Amino acid sequence: MKTCKAGGCSTQTNGFSSYCERHKRTKARHGHPQQTGVKKSDLKQYLKEIESYLKTVSASNANDIIDDIWSRTVAKAKAHIDGTTRGVSFNVHELQAAQAIVSLSWEADSKTICCLLMAMGFWYEYDQRRWKYDEGFRFQTVRMLLRLNPREAAYKWSVNGLTRSVYREIPPRTIRALWSIIEETKLVLYGMEIARRKARALAIARQKASAERDAILGPEQTGGEA
Ligand SMILES: [Zn+2]
């Protein structure tokens, strides 16, 4: 018997596992034994940041570029699926990831999808304490993306002949395959950079305000007996 490896957990583990049952399940679902799930409503403020940035700072053709990025991603996923039907050897998790992308493309428009990915990047950069675990962030990003697809709840994930209809139980390898598709779009990175730029602009504005204040007020007078 060993103690669970997750920090703060004193549960004994079964057999050779490094984690207790609960933390093992959390790791499979959320990418890290200590990652907690996030809600759609938590993302709202970051979506607003991205939408306003696109409207006020991005070039006028940014929306077309976003469309292109997503069409390319879907085209690649379709080609992947076609390849497997022609008998090209395939990896079941990569195939599931490609199917999820194509399914999502029927249910949500490119702007919604791409803004969500950028908002996740913004959130990652803005609230680093929330995202202590990179793998946890990746898993949550994939889950957020899949949640845009109402069919996803009923999507059947079939692995080794075992069909699971519960969307919570997407195989971790499929989540990782979906993350590599997401990563290739670079949209999460763009969201992170938007957050960094915003933080820099705020720091400059604050510096300017305090320089003005210092100039007007001058040095502090020494009072009393001086
Ligand atoms: Zn544990």
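Here is a walk through the fold, from the whole chain down to the way its helices pack. Keep in mind as you read that this is a predicted model.

Let's start with the parts list. The chain has eight helices and two strands. Follow it along the sequence and you get α-α-α-α-α-α-β-β-α-α, with the two strands sitting between α6 and α7 in that order.

Now for the overall outline. The C-alpha atoms take up a box of roughly 85 × 55 × 25 Å along the principal axes. The radius of gyration is 23 Å, whereas a compact globule of 226 residues would come in near 17 Å. Of those 226 residues, 30% are buried. The chain also brings together parts that are distant in sequence: take the contacts between residues at least 6 apart, and 70% of them join residues at least 24 apart.

What holds the middle of the picture? Look at the largest nonpolar core, which has 41 residues. Leu117, Met118, Ala119 and Leu178 are the members that touch the most others. Seven helices, α2 (40–56), α3 (62–85), α4 (92–107), α5 (110–126), α6 (134–146), α7 (172–185) and α8 (187–217), each put in at least two residues. The largest share comes from α5, with eleven residues.

Leu178 is a handy one to click on. Setting aside neighbours within four places in sequence, Leu178 is in contact with Ala97, Ala100 and Val142. Going by the helix ranges, Leu178 belongs to α7, Ala97 and Ala100 to α4, and Val142 to α6.

Next, turn to α5 and its partner α2. Their axes come within 8 Å and cross at roughly 110°. An angle from 65 to 115 degrees counts as roughly perpendicular, so that is how α2 lies relative to α5. On the α2 side, the contact is made by Leu43, Tyr46, Leu47, Glu49, Ile50 and Glu51. From α5 come Cys115, Met118, Ala119, Phe122 and Trp123. Two of these, Met118 and Ala119, already turned up among the core residues that touch the most other members.

Finally, there's α8. This helix has 31 residues and spans 45 Å from its first C-alpha to its last, close to the 45 Å expected at 1.5 Å a residue. Its buried residues are Leu187, Val188, Tyr190, Gly191, Ile194 and Ala195. In an α-helix, residues three or four places apart point the same way because there are 3.6 residues a turn. The buried residues of α8 pack against α2, α3, α5, α6 and α7. Just after α8 comes Gly218, with a positive phi of about 65°.

Terms used: Residues numbered from 1 in each chain as written. Predicted model: local features only at pLDDT ≥ 70, side-chain atom pairs only at ≥ 80, totals over all residues. Core = buried A, V, L, I, M, F, W, Y, C linked by C-beta atoms within 7 Å. Buried ≥ 20, exposed ≤ 12 C-beta atoms within 10 Å, placed from the backbone. Helix = DSSP H or I, 4+ residues; strand = E, 2+ residues; numbered from the N terminus. Contact = placed C-beta atoms within 7 Å. Expected span 1.5 Å × (residues − 1). Rg over C-alpha atoms; globule rule 2.2 N^0.38 Å. Axes fitted to C-alpha atoms, helices over the stretch in contact; angles between N-to-C directions. Parallel < 35°, antiparallel > 145°, perpendicular 65-115°, else oblique.
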